[in-house]
Amino acid sequence: MNKYLISIVGPTAIGKTALSIKLAQYFNTEIISADSRQFFKEMQIGTASPTKNELAQAKHHFIHHKSIQDDYNVGTFEKDALKQLNSLFKIHNVVIMVGGSGLYVNAVTHGLDHFPKVDSGIRAMLNKEFQAKGIISLQEKLKTLDADAYKTIAIDNPHRLIRALEICIGTNTPYSSFLNKEKIKRNFKTITVGLTADREIIYSRINQRVDIMLEDGLIEEVKSLLSYRHLNSLNTVGYKELFNYLKSEWDLDFAISEIKKNSRRFAKRQLTWFKKNEDTLWFDYLTNLDTITNTINKNLNYKK
């Protein structure tokens, strides 16, 4: 247990990538990405993936290693990430993990939650409701059945939403009641570092990031993926709004405003999720590296 995973969490656009690279250089180690949107090689601009320059500064794993057409889920990622960590810990005492996908982070650090089996017909029924009435109907249903899950899961993701609802309906028990049970012990220790800021600053940084993405060619990237818009991997902020624009359902200004609004909502849910971990070492996003590394070193049982 003298191996450490330093997990960097926080809301979107807060500076997690930059900090992960600095820490990887400081500890002379490598980075595992737990950002489920950055797995896909076709989605680079809209997911704020590390640039070529950033990727060159530290070795990364699980960045653009899959296609949007691949069936890749959190359970598979957990197995892949643990296998990669076992290899990395043979040569490093510390490995960095970074990502804002709370479920994927928890899968590595604590293991997945286990749910009882439910009638497959429930999912079929919910899928039909989604096709007929849209996502808002399902969101309202979850809000009624499980207010805690409504506040924390990615309710803009139909797959996650339907999964939570089928558990609620199939077990007559809130989905959230099955979360955060005691998990399998890992053969490494985790130190979680969180970056945060005042809400107004977070929202401003999100708005600026969206503007930069558009300048970098986000519309062209989304246009190249239009024929794949039915895929679950593309049902995500920044893509689904521009699909509506490209289909002439929305004008561009409205689509951009929706990207910013939905990104802000996502950041709020991220903070709600990550704040549940009382062991997280929280820092303002402007905190200097020395302060962060000094705090981390106090939690390590070996000399760097």
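Me: Let's start with Lys275: which ring face does Lys275 lie over, and how far is that from the ring centre?

Reply: It's Trp282, and the distance to the ring centre is 4.2 Å. A charge has to sit within 6 Å of the centre to earn that label, and the 4.2 Å of Lys275 meets it. Bear in mind that this is a predicted model.

Me: Which residue lies over the face of Tyr203?

Reply: That's Arg264, placed at 6.0 Å from the centre of the Tyr203 ring.

Me: On to ring pairs. What makes Phe62 and Phe77 an edge-to-face pair?

Reply: There are two things to look at in general, the distance of the centres and the angle of the planes. Here the centres of Phe62 and Phe77 are 5.4 Å apart and the planes meet at 80 degrees. Pairing calls for centres within 6.5 Å, and edge-to-face for an angle over 60 degrees. Both values fit, so Phe62 and Phe77 get the edge-to-face label.

Me: And what does that pair tie together?

Reply: Phe62 sits in the loop between strand E3 and helix H3, whereas Phe77 is in H3 itself, so the pair links parts 15 residues apart in sequence.

Me: Why is Phe77 called buried?

Reply: Its relative accessible area is 0%, and buried means under 20%. Phe62 comes out as buried as well, with 10%.

Me: Then why are Phe115 and Tyr175 called stacked?

Reply: Look at the angle: the planes of Phe115 and Tyr175 are at 10 degrees, with the ring centres 5.0 Å apart. Stacked needs under 30 degrees, so the label holds. Phe115 is in the loop between helices H4 and H5, and Tyr175 in the loop between H8 and strand E5, so this pair bridges 60 residues of sequence.

Me: Are Phe115 and Tyr175 buried or exposed?

Reply: Tyr175 has 10% relative accessible area and is buried. Phe115, at 23%, counts as partly exposed, since that class runs from the 20% cut-off to the 50% one.

Me: How many aromatic pairs are counted?

Reply: There are 10 aromatic pairs. Ring pairs also join Phe39, Phe62, Tyr72, Phe77 and Tyr104 into a cluster.

Me: Phe62 again! What is notable about the phi of Phe62?

Reply: Most residues other than glycine have a negative phi. Phe62 isn't a glycine, yet its phi is positive, about 70 degrees. Ala48 does the same sort of thing with a positive phi of about 55 degrees, and Ala48 lies in the loop between strand E2 and helix H2.

Me: Let's try helices. How do you know which side of H6 Leu138, Gln139 and Leu142 are on?

Reply: These are the buried residues of H6. They cover an arc of only 100 degrees around the axis, which puts them on the same side of H6. Over on the other side, Ile136 and Thr144 are exposed. There's a general reason for such patterns: an α-helix has 3.6 residues a turn, so residues three or four places apart point the same way.

Me: What about H13: which residues are buried there?

Reply: Ile292, Thr293 and Ile296. Their arc is only 95 degrees, which places them on the same side of H13. Asp290 and Lys298 are exposed on the other side of H13.

Me: Now the empty spaces. What lines the largest cavity, and what is its volume?

Reply: The volume is about 40 Å³, and the lining is made by Leu103, Asn106, Asp113, Leu179, Asn180, Trp273 and Lys276. By class, that lining has 3 nonpolar, 2 polar and 2 charged residues. The count of cavities of 30 Å³ or more is 1. What makes it a cavity is that a 1.4 Å probe fits but cannot get out, whereas a pocket is open.

Me: So how big is the second largest pocket, and which residues are closest to its centre?

Reply: The second largest pocket has a volume of about 1,100 Å³. It is lined by 36 residues, and those closest to the centre are Ile135, Gln139, Ile155, Asp156 and Lys240. The helices giving two or more residues to the lining include H5, H6 and H8.

Me: Which helix gives the most to that lining, and how does the lining divide by class?

Reply: H12 gives the most, with 7 residues. The lining residues divide into 11 nonpolar, 11 polar and 14 charged.

Terms used: Residues numbered from 1 in each chain as written. Predicted model: local features only at pLDDT ≥ 70, side-chain atom pairs only at ≥ 80, totals over all residues. Heavy atoms only, no water. 1 Å grid on protein atoms, 1.4 Å probe; cavity = no way out; pocket = protein on both sides within 12 Å on 5 of 7 lines; lining within 4 Å. Points joined across faces, edges and corners; volume = space filled by probe spheres on them. Helix = DSSP H or I, 4+ residues; strand = E, 2+ residues; numbered from the N terminus. Nonpolar A, V, L, I, M, F, W, Y, C, P; charged D, E, K, R; others polar. Phe/Tyr/Trp six-rings, centres within 6.5 Å; stacked < 30°, edge-to-face > 60°. Buried < 20%, exposed > 50% of the residue type's maximum accessible area, 1.4 Å probe, protein only. Lys NZ or Arg CZ within 6 Å of the ring centre and 35° of its normal. Arc of directions from axis to C-beta.
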